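User: I'm new to this structure and would like some help reading it. Could you walk me through a few features?

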Amino acid sequence: MIPIQTVDIHTARDWLTQGQAAVLDVREEREWQAGHIAGARLAPLSQGLAEILPEDQGKKLVIMCKSGYRSRVVVEALIAEGVAWGSVYNMAGGIKAWRAAGLPIEQDDTVACL
């Protein structure tokens with residue numbers, strides 16, 4: 001198992017609002033439409049890893065999903081593919097933890113896909 005870094009929801013929110021991180025949501029479009037984090041971008045895991053890397057080079061890359069399982073798989077795969085360890089993080093608890101903490105969620109039909 002590849003050691004990965006995790007980030008809690010509050011730190012991820014701070015990084016995102018301060019422009020220090022790109023947040024990529026690897027859930028599917030129907031999950032995204034049910035609620036997503038403002039500023040995150042949709043990169044469904046079903047589309048493959050090539051679609052996941054953002055244009056925001058130099059920023060921390062926070063990968064998120066519903067609970068943290070799929071995003072962990074993606075982070076491990078990205079590290080195995082050569083993405084620098086230390087620049088990619090799994091968001092612990094995913095959107096479930098974000099919602100439970102009462103952090104804001106957007107719900108709409110628009111999709112900001114990579």
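Analyst: Sure, let's begin with a side-chain pair: Glu 31 and Arg 70 make a polar contact of 2.8 Å. A polar contact is a pair of N or O atoms within 3.5 Å; within protein, one must be able to donate a hydrogen and the other to accept it, and residues adjacent in sequence count only if both atoms are side-chain atoms. Keep in mind that this is a predicted model: local features need pLDDT of at least 70, side-chain atom pairs count only at pLDDT 80 or more, and totals for chains, interfaces and linings use all residues. Residues are numbered from 1 along each chain as its sequence is written, and side-chain values use heavy atoms, leaving out hydrogens and water.

User: Where is Glu 31 found, and is Glu 31 buried or exposed?

Analyst: Helices (H or I, at least four residues) and strands (E, at least two) are DSSP runs, numbered from the N terminus. Glu 31 belongs to helix 2, residues 29-34. Buried means under 20% relative accessible area, exposed over 50%, and partly exposed in between (1.4 Å probe, protein chains only). With 14%, Glu 31 is buried.

User: How do I read the sheet, and in what order do the strands come?

Analyst: Strands of a sheet pair through backbone hydrogen bonds, either parallel or antiparallel. Two strands count as paired if DSSP finds at least two bridges between them. Here 5 strands form an open sheet in the order 1-5-4-2-3, with parallel pairing. Strand 1 (5-7) and strand 3 are the edges, each pairing on one side only.

User: Which residues of strand 2 are on each side?

Analyst: In a regular strand the side chains alternate between the two faces of the sheet. Strand 2 has Ala 21, Val 23 and Asp 25 on one side, Ala 22 and Leu 24 on the other, and all are buried. Because 5 of the 5 residues of strand 2 (residues 21-25) are buried, the strand is largely enclosed by the rest of the structure. Strand 2 pairs with strand 4 (residues 60-64) over 5 bridges, and Leu 24 stands opposite Ile 63 there. Strand 3 (residues 41-42) is joined to strand 2 by 2 bridges, with Leu 42 as the partner of Asp 25.

User: What is Val 62 in contact with?

Analyst: Contact means heavy atoms within 4.5 Å. Val 62 lies in strand 4 and is buried at 0% relative accessibility. Leaving aside neighbours within four places in sequence, its contacts include Val 7, Trp 15, Leu 24 and Met 91. Tyr 89 is 27 residues from Val 62 in sequence, but the two are 4.8 Å apart in space, C-alpha to C-alpha.
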